[in-house]
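Subject: Structure for you to look at

Dear colleague,

I am passing on the structure below, followed by notes on what was found in it. Please have it open while you read.

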Amino acid sequence: MPGDIIAKDSNYTVRGAAIIRHDGNIVATRVGLLRIKGREINVIPLTGRYIAQKGDSIIGIVVDYSLVYWLLEINYVWKARLDASDYLKRPFDPSKERITKYLRVGDVVYAKIAHTERGMPPIVTCRDSGYGKLEGGRLISISPAKIPRVIGVKGSMLEAIKRITKAEIKVGANGIIWVRAERPEIEELVEYAIKKIEKESHLSGLTKRIQNELIRGMHKIQRGEWQ
Amino acid sequence: MAMSLKMSEEELRRLMESGRRADGRAWDELRPIRIQVGVTERAEGSALFEMGRTRVLCVVRGPMECIPSHMADPEKAILDVAYRMATFSTDERKSPTPSRREIELSKIIREALEPALFLEEYPRMMIKVYCLVLQADAGTRTASINAASLALAHAGIPMRDLVSSVAVGYCYGRIVVDLCSVEDEFCADVPIAMMPAYNKITLLQADHRLPIDKFPELLEVGRRAIERIYQLQKKALRDMYVSIAKEASEGE
């Protein structure tokens with residue numbers, strides 16, 4: 001909690017933005033969970049808005065476009081800019097073709113933050129493999145601070161959800177998650193599970209509980225009992 | 001509906017001199033405090049702070065794009081505090097037009113909160129703090145500061161410390177803590193806000209004459225009261241997560 005003195009010993013290495021040093025003490029600046037790994041100390045925030053960082057994978061919704069770029073709503077202070085050439089992975093000439101041929105307002109894109117600058121809108125790209133337009137499925141919006149929990153330790157939670165439900169899932173660091181499954185009931189089940197992770201993100205033994213719920217849910221769906 | 005307590009200056013003086021306060025509290029006793037963190041869902045942070053019959057709702061939005069954009073500071077975020085009293089917060093209907101007093105208090109609350117924040121980490125952005133007084137019975141600025149610091153913490157905005165605040169008064173030779181409206185009317189009122197973990201004062205006002213030699217004692221009484229509020233604030237913040245834990249374990 002802000003103002004809580006975590007340690008008086010300055011031998012610890014401080015990680016993350018939720019901690020500061022003051023007068024030899026290590027003090028928390030946000031509401032979060034304390035993680036101590038060896039001599040490394042970290043506070044994992046439980047609340048807060050998404051702050052764009054270079055390298056983050058995010059999911060954005062096209063809200064506007066110009067001749068050569070789209071603007072994506074990414075749940076951040078500013079809208080992100082996606083250049084047409086970064087999306088198409090080739091040069092784009094606006095005098096020969098129109099940008100709306102590829103993405104229109106309302107389309108959903110999985111992209112990576114390529115560049116951020118203090119006080120400026122971020123620039124995103126789809127150049128690396130795996131990024132691009134997301135079709136079908138549904139979007140789930142949760143608090144960005146809870147995203148690490150959805151992914152789990154070394155991806156364990158996400159892997160468990162994918163394994164049990166066989167759904168395609170893309171997780172955006174900005175708090176937006178895209179799910180596409182064979183049946184809408186399965187998408188509903190995943191949404192339910194993710195909302196539960198969001199709510200109980202500060203509790204231990206969560207992966208196990210969610211796994212059990214998912215397995216139960218899948219049985220129900222197969223028997224046609226899911227509502 | 002209950003009207004607020006009315007008393008003449010003479011009555012209050014006699015009561016105080018007989019060793020009692022207007023509402024029967026001890027000299028250093030706070031009014032009953034009730035805090036709830038996370039009362040609205042659309043905004044990033046929110047808190048409700050009640051101190052006796054004073055009740056303040058505070059909602060925080062942001063960091064967001066600065067509007068109007070010409071106000072944006074390329075070096076740091078703008079903290080925009082709006083302190084307002086609801087039309088139904090007082091005995092007589094309060095005009096919804098922002099008064100001179102409301103604008104002044106907005107500035108005072110902003111200056112009490114700013115030292116706790118790392119505004120330089122959010123260039124060109126804006127953090128909005130709305131404090132709405134739902135019911136006024138003295139001490140609305142201190143209640144607003146208490147609510148606002150909780151709402152900011154709930155919004156996940158990095159803070160050096162929670163800011164806690166209380167009004168201390170000097171009445172007929174007595175130092176009293178957390179004035180109610182009758183005392184506020186006739187006594188010297190000294191609102192104090194602090195970051196208790198650093199022992200730093202972020203707000204200190206005195207709009208009335210009081211003997212200077214009493215000041216150190218007054219500050220010390222205020223500091224002790226603030227420490228109690230600080231603990232209650234932390235408990236409220238923690239309780240929000242504990243209550244979720246309870247629900248989860250019951251759902252098993």
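Helix 4 of chain A and helix 5 of chain A are roughly antiparallel to each other (a term for angles over 145 degrees), because their axes cross at roughly 160° and come within 10 Å. The model is predicted, so that local features need pLDDT of at least 70 and side-chain atom pairs count only at pLDDT 80 or more, while totals for chains, interfaces and linings use all residues. Residues are numbered from 1 along each chain as its sequence is written, and chains are lettered from A and ligands numbered from 1 in the order in which they are written.

Helices (H or I, at least four residues) and strands (E, at least two) are DSSP runs, numbered from the N terminus; helix 4 covers residues 184-199 and helix 5 residues 206-222 of chain A. Axes are lines fitted to C-alpha atoms, for helices over the stretch in contact, with angles from 0 to 180 degrees between N-to-C directions. Among the residues that meet (C-beta atoms, placed from the backbone, within 7 Å) are A:Leu189 and A:Ala193 from helix 4, and A:Leu214 and A:Gly217 from helix 5.

Chain A also has an open sheet of three strands in the order 13-15-14, with antiparallel pairing (at least two DSSP bridges between two strands). Its edge strands, each pairing on one side only, are strand 13 (138-141) and strand 14 (168-171) of chain A. Strand 13 of chain A pairs with strand 15 (residues 176-180) of chain A over four bridges, and A:Ser141 stands opposite A:Ile176 in strand 15 of chain A.

Best regards

Methods
Parallel < 35°, antiparallel > 145°, perpendicular 65-115°, else oblique. Contact = placed C-beta atoms within 7 Å.
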